[in-house]
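Here is a protein chain to read closely. How do its labels follow from its numbers?

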Amino acid sequence: MTFKELNLHEDVLQGLDAMGFEKPTPIQEQSIPIVLDNKDIIGIAQTGTGKTAAFLLPILHKISKQETEPGAINTLIISPTRELAVQIDQQLQGLGYFTGATSIPIYGGGDGDDFSQQKRALTEGADIIVGTPGKLMSHLNLGYAKIDRLQHLILDEADRMLDMGFYDDIMKIISHLPKERQTLLFSATMPPNIRKMAKEILVDPEEISIAISKPAEKVVQAAFMAYDTQKVDLVKYLLRFNDVPSLIIFASTKIKVKEVTKSLQAEGLNAKQISSDLEQTEREAILNEFKSKKLPILVATDVISRGIDIDNIDMVINYDVPNDAEDYVHRIGRTARASAEGEAITFVNEDDQHRFLKIEQLIEKEVRKVPLPTSIGEGPEYNPRRSRGRGNHRGRGKRNFKKRR
Ligand code: AMP
């Protein structure tokens, strides 16, 4: 199935193209037609399944077709944490770029400037609000947010929100909304308290459920503890001692992909990168080269770990540990398809060890840690329980992320 077959608006298709999403994930295939049909949904799905785009795409489609009344708010997305709200907002900006939709993030920073910017934006109205329950309540309590004409409510990671004690806040927010609306509730698990809440706020919902699968047994998994400076040499070493006609190297960011490709090329390896920065035709040409085995090494971000079907890969190298544990499963799922065996090797630097431990917990398996070859030197010590730093994101006022045409 393609996104076009899901009858999405041309402006939304353009956003998908810019983001490099080629094919809908299973949850997108299932949920988009239901949302377009104006029905409520209970979606059981974890992060990593593509659930964010599963609700954003049809909402953006509807907004592209029908203008939001001046001063009104069309869609409210409630998420448990600021981090998740940031991720939703980023996808919204990418996918909605060509639609002209406006959005307000209501999750950021504690200072007065942020708050008054958000207030101004809420007073003027917007197509989409993405917010956390506490911050939304602070604004709603002051009475200026115009949510009485809202058409869509989306609750993301509802189980986490209830675990965090947000039930009362969510129900209070909902009491401000019109009864005639479409409600989508996504949750990784479906305990009785979520069922109960769903009964109270959804009307005759369709239920969809997407399980994340564990890696196939045939994938041989291994990890090296390595400093970033040792990684290129490690790739070269692995290629020297293994027959690898088809290798995908995953890196977490576009910048990293570029750097890795350059370093490999400088070492005389036949590697090319694929990222959403490339034109669609360029991406297709490189993918075809790789699929037909003319190109042995493809360097990519997670964009291609899902959605694109490339079979018969001999080896996947995770140049860094993916941010979401589920992405690991998707990345290494590219190898050992059908009856073939495959290898998945992860390079874990000193900062990524804790995240790698989380992956092992998700897949319920301890991955073999292989000592670095002596020619590469000593790697970092394995100590995954060390604490990590956290990013800091702040909210902004209303924006219009339309490209001026
Ligand atoms: P989510 O489960 O919504 O957190 O999505 C996980 C990741 O998958 C995000 O990085 C998205 O950008 C990416 N993604 C979602 N849908 C697709 C798709 N159809 N093709 C490629 N990547 C996707």
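The turns below set values against definitions.

Q: What kind of model is this, and how are its residues numbered?
A: This is a predicted model, where local features need pLDDT of at least 70, side-chain atom pairs count only at pLDDT 80 or more, and totals for chains, interfaces and linings use all residues. Residues are numbered from 1 along each chain as its sequence is written, and side-chain values use heavy atoms, with hydrogens and water left out.

Q: How many helices and strands are in the chain?
A: The chain has 14 helices and 15 strands. Both are DSSP runs numbered from the N terminus: helices are H or I with at least four residues, strands are E with at least two.

Q: What makes Leu 6 count as buried?
A: Buried means under 20% relative accessible area, exposed means over 50%, and partly exposed lies in between (1.4 Å probe, protein chains only). Leu 6 has 6% relative accessibility, so Leu 6 counts as buried. Leu 6 lies in the segment before α1. Over the chain, buried residues make up 55% of the 405 residues.

Q: Which residues does Leu 6 touch, leaving out those up to four places away in sequence?
A: They are Met 1, Pro 24, Gln 28, Glu 29, Ile 32, Pro 33 and Leu 36. A contact means heavy atoms within 4.5 Å. Pro 33 is 27 residues from Leu 6 along the chain, yet their C-alpha atoms are separated by 6.8 Å.

Q: Why is Asp 324 called partly exposed?
A: Asp 324 has 23% relative accessibility, so it counts as partly exposed. Asp 324 sits in the loop between β12 (315–318) and α13 (325–332). Asp 324 and Arg 355 are 31 residues apart in sequence and 8.3 Å apart in space, C-alpha to C-alpha.

Q: Is Val 130 buried or exposed?
A: Val 130 has a relative accessible area of 0%, so Val 130 is buried. Val 130 lies in strand β4. Beyond its neighbours within four places in sequence, its contacts include Ile 77, Ala 85, Ile 88 and Tyr 107.

Q: What is notable about the phi of Asp 204?
A: Most residues other than glycine have a negative phi. Asp 204 is not a glycine, yet its phi is positive, about 45°. Asp 204 lies in the loop between α9 (192–201) and β7 (206–209). Its relative accessible area is 70%, so Asp 204 is exposed.

Q: What sign does phi have in Glu 364, and where does Glu 364 lie?
A: Phi of Glu 364 is positive, near 55°, in a residue other than glycine. The place of Glu 364 is the loop between α14 (353–363) and β14 (368–369). With a relative accessible area of 65%, Glu 364 is exposed.

Q: How do you know that α3 is mostly covered?
A: Count its residues: 14 of its 15 are buried. Helix α3 (residues 51–65) reaches 22 Å from its first C-alpha to its last, close to the 21 Å expected at 1.5 Å a residue. That expected span is 1.5 Å times one less than the number of residues.

Q: What makes a nonpolar core, and how many residues has the largest?
A: A core is a set of buried Ala, Val, Leu, Ile, Met, Phe, Trp, Tyr and Cys residues joined through side-chain atoms within 4.5 Å. The largest nonpolar core has 37 residues, and those with the most contacts inside it include Phe 55 and Leu 57. The largest share of this core, eight residues, comes from α3. Apart from it lies another core of 35 residues, among them Ile 106 and Leu 155.

Q: Why is a space called a cavity?
A: On a 1 Å grid over the protein atoms alone, a cavity is a set of points where a 1.4 Å probe fits but cannot get out, and lining residues have an atom within 4 Å of a point. A search of the whole structure finds two cavities of 30 Å³ or more.

Q: What lines the second largest cavity?
A: Its lining residues include Leu 76, Leu 122, His 139 and Ile 147. Helix α6 (residues 133–140) gives the most, with three residues. The volume of the second largest cavity is about 40 Å³, taken as the space filled by probe spheres set on the points, with grid points joined across faces, edges and corners.

Note on methods:
1 Å grid on protein atoms, 1.4 Å probe; cavity = no way out; pocket = protein on both sides within 12 Å on 5 of 7 lines; lining within 4 Å.
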